[in-house]
Amino acid sequence: MIIKLLLDILVVWALIYSVLRIIRNNSRTIQIFKGIIVILLIKMIAMVIGLHALNHLIDIFLNWGVVAVLILFQPEIRSMLEKVGKTTTIFNMNVSEGEYVHMIDQLVDACAAMSKTKTGALITIQQSQSLEDYIETGIRMDSEVSSELIKTIFQYGTPMHDGAVIIQGVKIACAAAYFPPTTKDLPSKYGARHRAAVGISEITDSITIIVSEETGNISVAIRGQLTQYKPEGLQRLLTNKLIVNETKATLFDPVLRTARSFSLNRTRRSEERTPQKNGDERIKPIEIVDLYSHSGGKEHGPQ
């Protein structure tokens, strides 16, 4: 019974966390969610004050609430179902850390060079969710990732420059792939590449790098969010995502993080209550010695 209860709590926690993450990543969804909360608050006030007509109208709305939620959250629900349908087991290509480091170096070198020449580029790195459907829309390659090859693909005028490169593991799976653009309202300074990058990041857990052909800026789209990076920042991001975090996050990570945080807070509070008699002898404060005063005002040469 205890195991069933704990499992039930963990599953409900995971579902709530997933819903909140979907809501958090979409500003339009946040506004709709706020509107639902306001309606519930008005219903509570109407019940307390005794506004029967208003309470009856809100009850009618809530009775049809399931249909209303399906209509209002249709894009988000579709996106969530697409994620579930495309989720595979953890993508394991048996790639060594050295191969990942080499691939990241080649990618960053290519992006830095294209940024200087303002060559537009769109590069997507597959994670745990398959991109096979989008690979079918492009030209298959199965080539090693190299800075020269990437720069050649996106060179203006080449047959494959106007599309996306998809990387599986440490190999280029295809070029000139097509991604569905996002439905978000992006600023006008972002073009078709940025919209396609945000679109693929909304329905998969991929990492997409964009080089703007107008400004030369390097941006990365992850989970529907677009962030601008310099080459050094891009190197750190890819290293953290592809090498440091090889064990993928799960839905139960918030539970584990909360437990660890609770444990650490209890440890710190207990340490604060316990008087520190003996500190760590390896750590000592810096001692400042006035050599001028000790020497009676006489100057000394270098020791």
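Modeller: Accessible areas here come from the Shrake-Rupley method with a 1.4 Å probe, and for residues only the protein chains shown count as cover. This is a predicted model, in which local features need pLDDT of at least 70 and side-chain atom pairs count only at pLDDT 80 or more, while totals for chains, interfaces and linings use all residues. Residues are numbered from 1 along each chain as its sequence is written, and side-chain values use heavy atoms, with hydrogens and water left out.

Colleague: What share of the area that the chain exposes do carbon and sulfur atoms supply?

Modeller: The chain exposes about 20300 Å². The part supplied by carbon and sulfur atoms is 61%.

Colleague: How many helices and strands does the secondary structure of the chain come to?

Modeller: Both kinds of element are DSSP runs numbered from the N terminus: H or I over at least four residues for helices, E over at least two for strands. On that basis the chain comes to twelve helices and seven strands.

Colleague: Is cysteine 111 buried or exposed?

Modeller: Buried means under 20% relative accessible area, exposed over 50%, and partly exposed in between (1.4 Å probe, protein chains only). Cysteine 111 has a relative accessible area of 0%, so this residue is buried.

Colleague: How many disulfides does the structure hold?

Modeller: A disulfide would need a pair of cysteine sulfur atoms within 2.5 Å. The count for the structure is zero.

Colleague: Which element gives the most to the largest nonpolar core?

Modeller: A nonpolar core is a set of buried Ala, Val, Leu, Ile, Met, Phe, Trp, Tyr and Cys residues joined through side-chain atoms within 4.5 Å. The largest has 32 residues, with Met103, Leu107 and Ile123 among those with the most contacts inside it. Elements supplying at least two residues each include α6 (97-117), β1 (121-125) and α10 (231-244). With eight residues, the element that gives the most is α6.

Colleague: How many residues are in the second, separate core?

Modeller: Cys174, Ala177, Ile210 and Ala221 are included in this second core. Cysteine 174 qualifies as buried because its relative accessible area is 0%. The number of residues in the second core is 16.

Colleague: Where does serine 212 lie?

Modeller: At 11% relative accessibility, serine 212 counts as buried. Leaving aside neighbours within four places in sequence, serine 212 is in contact (heavy atoms within 4.5 Å) with Lys118, Gly120, His194 and Asn217. Its place is the loop between β5 (207-211) and β6 (218-222).

Colleague: What is the phi of lysine 118?

Modeller: Lysine 118 is in the loop between α6 and β1. With a relative accessible area of 44%, this lysine is partly exposed. Although lysine 118 is not a glycine, its phi is positive, at about 55°.

Colleague: Which strand holds aspartate 142?

Modeller: Aspartate 142 also has a positive phi, near 55°, in a residue other than glycine. At 56% relative accessibility, this aspartate counts as exposed. The strand, residues 139-144, is β2.

Colleague: Which helix gives the most to the nonpolar patch?

Modeller: Patches are made of residues with over 30% relative accessible area and no salt bridge (a side-chain nitrogen of Lys or Arg within 4 Å of a carboxyl oxygen of Asp or Glu); like charges are joined within 9 Å, and nonpolar side chains (Val, Leu, Ile, Met, Phe, Trp, Tyr) within 5 Å. This patch covers about 640 Å² and includes Val38, Ile42 and Leu54. Leucine 54 belongs to helix α3 (residues 52-63). With five residues, the helix that gives the most is α2.
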